[in-house]
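Trainee: I've just opened this one and could use a guide. Can we go through it piece by piece?

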Amino acid sequence: MADFIGAVDQGTTSTRFMIFDHDGFEVGRHQLEHSQLMPRAGWVEHNPLEIWERTQAVIGSALTSSGLAQTDLAAIGITNQRETTIVWDRRTGRPLHNAIVWQDTRTDSIAKALDDDGRGEVIRHKAGLPPATYFSGGKIQWLLDNVDGLRAQAERGDALFGTADTWVIWNLTGGPDGGRHVTDVTNASRTMLMDLRTLDWDEELLGFFGIPRAMLPAIHPSSDASAYGSYAGLRRAADVPITGVLGDQQAATVGQVCFAPGEAKNTYGTGNFLLLNTGEEIVRSTHGLLTTVAYQLGDAKPVYALEGSIAVTGSAVQWLRDQLGIISGASEVETLAAQVDDTGGMYFVPAFSGLFAPYWRSDARGAIVGMSRYNNNAHLARATLEAICYQSRDVADAMTMDSGVPLEVLKVDGGVTSNRICMQLQADILGVPVVKPRVAETTALGAAYAAGLATGFWSGTDELRQYWQEAERWEPTWGEERRRGGYAGWRKAVERTLDWVDVE
C-alpha cells in the first residue's frame, strides 16, 4: 500500500500541494501564488487557466522535492476557495470568463432584489444562506446575463459551472477528454442553489436565478472512493484516485478533528471562518450566521455546522503590503505592530467587500477611525491585527447566542496563526484561551483525511483524533474593563462603515 496522501489546496491567493504520512505529518509541499485581477472597484477575478497551470506545477514540484513518485500516493484530496465561480466550454476546456471570486461585490443588486421580493426567505430556509454577493448563485446569474451566448450554451449543456474544486477535478481527470464534472456537498451548500435537506440542486432555487440545471455538476459526499475519478499525472505515470473533496473551511474543520457537536475552529487566511459542528441537526441562525454542510463521509448522514464568514482578515495585511507599501512582507506586520503597546485609539475596519457575518452589509466600505497626529504606521499595523480579532469576536458572540453554548477555548489554524501578537490579541479580545495544533495548515490536512478515510488509509475518525496535538496556547491577559471598552470602540467603528455604497 502506498504510504502517503496528497492534497491540492486551491486557495484565494495561491495553490499548494501538500503530502502527509500516516501520522498526519507533512512530508512535502510546494506553493505558487496566482494573480488577483481587479478590473473595477468591488470586482475581484482570477484566471482559471492560471489556477490550472499552478495546480499542475505544485503537484509535480512537491513530489520531486520530497523524493516521491505518484505511485507513493494512496489518494488525493481536494480543498478549495469556496463560492468562486467559474464557467467554461465543455468541448474545449476554455473558460468563458474570468473566475468571479467570492470577495466580488458586483452582484449586490441581485442579492438586494432577492431580499426585497421575499425570495430571500426561501433561500434562507432551503439553502441556509442569506442572499449575499458572497455566494455563487448570483455570480452565475450575472455571467448568464452578461456574457454573450452563454445562456444558450448553458441550456445545451455546453457551458459548465463549477467552483474551484470542480474546475480542478475536471482538468485533473481529463478535461475535454472525459473529465468528471462533480462537486461535494460542502461546496454545493455555498451556492444558494442546494437544499440542505435533500443535498440536491433545488428547482425552485434554480428558477430564482434563471440557471439551467444542465450546467451544474453532480453532487457527491465529501469522502467517496469512486465519485471523483483519478489523476494520471503529467506523464501518465500512475492513476491516483481522487477520493476527498471539501470546501476549504469545512476541510479545516475536519483537519481540526471537530467531529463532535459543539466543537469549533477558526481559520485565519485571506478571510476568517469560524465553524461550529452542530451534528446531524440543521440549526438555523437568528444572529447572522450561515447554516452549512460541515462534511459527509461516505454513506453516513451529513454533518452540519453554523459558520461565521469574515471577508477580509489576512488580506488586510496584504493590503498594507501591496497597496500602502508600509511592509514588504506579511511577516513584517508583527515586527511593526510590536513597536507600540496599543493602537493609540485607532480602529481599522477592512470592509473592502462589504461586511459578512454577522452583519451582511454589502453597502459597507473600509474605514480607519480614531486617528490623531500621534498615530503612525505601527499603530495601523496593530489596528490591522486587532481588526482580525474583533471580527472573530463578532462571530463568536453570535455563535454563542445561536447555540446557547459559551465558547471555552478556540482552536485556530491558518497562516496568520504564525503571528504570535495576533494570537495573543485574539485571546485577550475573546477572553478565552486560543490553541494552535501541531499542524497549522489544517485545510490541506482535512482534505487528506477525507481522501484517506475513503480508501481505508485511516480506519475512521477515532483514529484521526489521536493525531491532533496542541503546539501553542495563548491565555488572556487583558482585564474585563479593557476588553469591554475595546470592543465597544470596535462596534462604534463598524457603524461608521455602513451606508457608504448605494445599492440600487
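Mentor: Sure, and keep in mind that this is a predicted model. Let's start with Thr-417, which counts as buried because its relative accessibility is 1%.

Trainee: Where does Thr-417 lie?

Mentor: Look past the end of strand 21 (410-413). Helix 13 covers 420-430, and Thr-417 comes before that helix. So we are in the loop between strand 21 and helix 13.

Trainee: Which residues is Thr-417 in contact with, leaving aside its neighbours within four places in sequence?

Mentor: Contact here means heavy atoms within 4.5 Å. With those neighbours set aside, the list for Thr-417 is Tyr-268, Val-412, Met-423, Lys-436, Ala-440 and Trp-474.

Trainee: What is the order of the strands in the open sheet?

Mentor: Seven strands make up that sheet, and their pairing is mixed. At the edges sit strand 17 (290-295) and strand 23 (470-474), each pairing on one side only. From one strand to the next, the twist averages 30 degrees. Reading across, the order is 17-18-16-15-21-22-23.

Trainee: In strand 18, what is the bridge partner of Leu-290?

Mentor: Strand 17 and strand 18 (residues 303-310) run antiparallel, and five bridges join them. For Leu-290, the partner in strand 18 is Glu-307.

Trainee: Which strands does helix 9 touch as it packs on the sheet?

Mentor: The direction of helix 9 makes about 125 degrees with that of strand 15 (264-268), one of the strands it touches. The full set is strand 15, strand 16 (272-279), strand 17 and strand 21.

Trainee: Are helix 9 and helix 14 roughly parallel or roughly perpendicular to each other?

Mentor: Helix 9 (residues 248-255) and helix 14 (residues 442-455) have axes 7 Å apart, and they pack at an angle of about 80 degrees. Angles of 65 to 115 degrees count as roughly perpendicular. The pair is therefore roughly perpendicular.

Trainee: How many nonpolar residues are in the contact of helix 9 with helix 14?

Mentor: Helix 9 brings residues including Ala-251 and Val-254, and helix 14 brings residues including Leu-445 and Tyr-449. By class, four residues of this contact are polar, one is charged and the nonpolar ones number six.

Trainee: Which residues of strand 6 point the other way from Ile-86 and Trp-88?

Mentor: Strand 6 (residues 86-89) runs antiparallel to strand 8 (residues 159-162), with four bridges joining them. In strand 6, Ile-86 and Trp-88 point one way, and both sets of residues are buried. Pointing the other way are Val-87 and Asp-89.

Note on methods. Residues numbered from 1 in each chain as written. Predicted model: local features only at pLDDT ≥ 70, side-chain atom pairs only at ≥ 80, totals over all residues. Heavy atoms only, no water. Axes fitted to C-alpha atoms, helices over the stretch in contact; angles between N-to-C directions. Helix = DSSP H or I, 4+ residues; strand = E, 2+ residues; numbered from the N terminus. Parallel < 35°, antiparallel > 145°, perpendicular 65-115°, else oblique. Nonpolar A, V, L, I, M, F, W, Y, C, P; charged D, E, K, R; others polar. Pairing = 2+ DSSP bridges. Buried < 20%, exposed > 50% of the residue type's maximum accessible area, 1.4 Å probe, protein only.
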